[in-house]
Amino acid sequence: MTEHHLLNSPTDGITAVHFSPNNQSQFLIASSWDCGVRLYDVNQHTFRQMYKHAGPVLDCCFADSSRTFSGGLDRILKTYDFNAQKETIMGYHDNAIRSVHYSPEFNFVITGSWDSTVKFWDSRAPNCLGSCSLPDKAEFKLELCPTKSQSKL
């Protein structure tokens with residue numbers, strides 16, 4: 001196994017690390033307590049870009065190989081297009097965003113927050129599609145579990 005050290009690594013604790021989707025694992029994103037989300041090219045062993053939040057970033061995810069979503073203690077859900085170098089604020093929670101997950105099947109983003117809600121966002125525009133209340137704050141990562149369609153015999 002080969003180990004590589006990436007340049008321009010986070011200066012504080014790393015909160016999430018994800019490879020780009022669709023078996024295109026050329027890119028890696030990492031969010032951190034230093035308020036940044038960094039993009040790395042793992043094939044070239046290089047740092048590509050970084051964007052910042054106003055507070056520590058608790059989670060991030062890819063939508064595709066050039067677009068990400070992130071949220072954290074600043075309560076802001078952001079999307080960032082690394083190709084266009086454009087940041088868009090998708091919306092807000094009333095407390096820190098603990099978990100961010102993109103669903104390519106439904107083309108929406110799901111966020112879990114310490115404000116005891118889960119929100120669903122249209123990934124194409126800054127629009128909250130709905131929310132669900134939780135009995136307590138969302139402390140863990142959200143994941144979707146796809147189900148196989150069942151065929152009748």
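Is F69 buried or exposed, and what is its relative accessible area? Select F69 first: F69 is buried, with a relative accessible area of 0%, where buried stands for under 20% relative accessible area, exposed for over 50% and partly exposed for values in between, with a 1.4 Å probe and protein chains only.

Before going further, note that this is a predicted model, in which local features need pLDDT of at least 70 and side-chain atom pairs count only at pLDDT 80 or more, while totals for chains, interfaces and linings use all residues. Residues are numbered from 1 along each chain as its sequence is written, and side-chain values use heavy atoms, with hydrogens and water left out.

Now show the whole chain as a cartoon. The chain has 12 strands and zero helices, these elements being DSSP runs numbered from the N terminus, with at least two residues (E) for a strand and at least four (H or I) for a helix. Of the 153 residues in the chain, 46% are buried.

Next, select strands 9 to 12. These four strands form an open sheet in the order 9-10-11-12, with antiparallel pairing, two strands being paired if DSSP finds at least two bridges between them. Strand 9 (97-103) and strand 12 (127-133) stand at the edges with a single partner strand each, so one side of each is left without a neighbour in the sheet. From one strand to the next the twist averages 20°, based on axes that are lines fitted to C-alpha atoms, with angles running from 0 to 180 degrees between N-to-C directions. Within this sheet, zoom in on strand 10 (residues 108-113) and strand 11 (residues 117-122), which run antiparallel and are joined by five bridges; I110 has F120 in strand 11 as its bridge partner.

Then turn to the aromatic rings. The chain holds seven aromatic pairs, counted when ring centres of Phe, Tyr and Trp (its six-membered ring) lie within 6.5 Å, with planes under 30 degrees apart called stacked, over 60 edge-to-face and the rest tilted. Return to F69 and add Y102: this pair is stacked, at 5.9 Å centre to centre and 20° between the planes. The pair links distant parts of the chain, since F69 lies in strand 6 (residues 67-72) and Y102 in strand 9, 33 residues apart. Y102 is buried too, with a relative accessible area of 11%.

Finally, select Y80 and F82, whose ring centres are 4.9 Å apart and whose planes stand at 65°, so the pair is edge-to-face. Both Y80 and F82 are buried, and together with Y51 they form one aromatic cluster.
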